[in-house]
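Here's a quick tour of one structure, taken a piece at a time. Have the viewer open and follow along.

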Amino acid sequence: IEHSGLFRQIYFELTGQMLPAPKESKIKKPSSYCEGIKNALTGEQNTAYKYAKILFAMVHRVHMMKLVKIITDELRHVTQYNYIYSKNRCR
């Protein structure tokens with residue numbers, strides 16, 4: 001929710017327009033606990049990579065710092081999911 005708010009704020013600052021409210025999406029249930037953790041871990045890694053590409057396109061320092069905060073949070077999530085994955089001996 002926090003990241004969404006920051007992205008929406010950046011979008012408004014760059015375009016002067018508000019984004020419409022996000023649509024609710026359906027969550028696909030994983031076949032196992034470990035698969036769910038693995039999917040979440042992979043998703044966080046991919047998201048951090050995608051956000052880094054966006055960061056390189058930023059011009060204003062304020063926007064860059066917001067993106068750095070978001071990327072840092074995503075990498076922290078990767079570490080947390082990795083810990084859970086290994087703690088549960090998922091393979």
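## The disulfide

Cys34 and Cys90 are joined by a disulfide, with 2.0 Å from S to S. Keep in mind that this is a predicted model. If you go hunting for others, a search of the whole structure turns up one disulfide.

Which way does the bridge twist, left-handed or right-handed? The torsion about the S-S bond of Cys34 and Cys90 comes out at about -70°, so the disulfide is left-handed. As for what gets linked, Cys34 sits in helix α2 (residues 33–57) while Cys90 belongs to the segment after α3 (61–87), so the bridge ties together parts that are 56 residues apart in sequence.

The two ends also get their own exposure labels. Cys34 has 25% relative accessibility and counts as partly exposed, because the partly exposed class runs between 20% and 50%. Cys90, at 6% relative accessibility, counts as buried, because buried means under 20%.

## Next door to Cys90: Arg89

Arg89 is also in the segment after α3. Its backbone is worth a click: phi is positive, about 55°, although Arg89 is not a glycine.

Is Arg89 buried or exposed? With 68% relative accessibility, Arg89 counts as exposed, since the cut-off for that label is over 50%.

## How α1 packs on α3

Now swing over to helix α1 (residues 2–15), which packs with α3 at an angle of about 160°, the axes being 10 Å apart. That angle makes α1 roughly antiparallel to α3, because anything over 145 degrees gets that label. As for handedness, α1 and α3 cross in a left-handed way.

Which residues make the contact? From α1 there are Glu2, His3, Leu6, Phe7, Gln9, Ile10, Glu13 and Leu14. On the α3 side, the contributors are His63, Lys66, Leu67, Lys69, Ile70, Asp73, Glu74 and His77. Sorted by type, the residues in this contact of α1 with α3 come to six nonpolar, four polar and six charged.

## Lys50 and Leu67

Leu67, one of the α3 residues in that contact, also makes a handy reference point for Lys50. Lys50 and Leu67 are 17 residues apart along the chain, and their C-alpha atoms are separated by 11 Å.

Lys50 itself is in helix α2, the helix that also holds Cys34. How does its accessibility come out, and what label does Lys50 get? Lys50 has 47% relative accessibility and therefore counts as partly exposed, as the exposed label needs over 50%.

Key. Residues are numbered from 1 along each chain as its sequence is written. This is a predicted model: local features need pLDDT of at least 70, side-chain atom pairs count only at pLDDT 80 or more; totals for chains, interfaces and linings use all residues. Side-chain values use heavy atoms; hydrogens and water are left out. A disulfide is a pair of cysteine sulfur atoms within 2.5 Å. Helices (H or I, at least four residues) and strands (E, at least two) are DSSP runs, numbered from the N terminus. Buried means under 20% relative accessible area, exposed over 50%, partly exposed in between (1.4 Å probe, protein chains only). Axes are lines fitted to C-alpha atoms, for helices over the stretch in contact, and angles run from 0 to 180 degrees between N-to-C directions. Angles under 35 degrees count as roughly parallel, over 145 as roughly antiparallel, 65 to 115 as roughly perpendicular and the rest as oblique. A crossing is left-handed if the near helix is turned anticlockwise from the far one by less than a right angle, and right-handed if clockwise. Contact means heavy atoms within 4.5 Å. Ala, Val, Leu, Ile, Met, Phe, Trp, Tyr, Cys and Pro count as nonpolar, Asp, Glu, Lys and Arg as charged, and the others, Gly among them, as polar.
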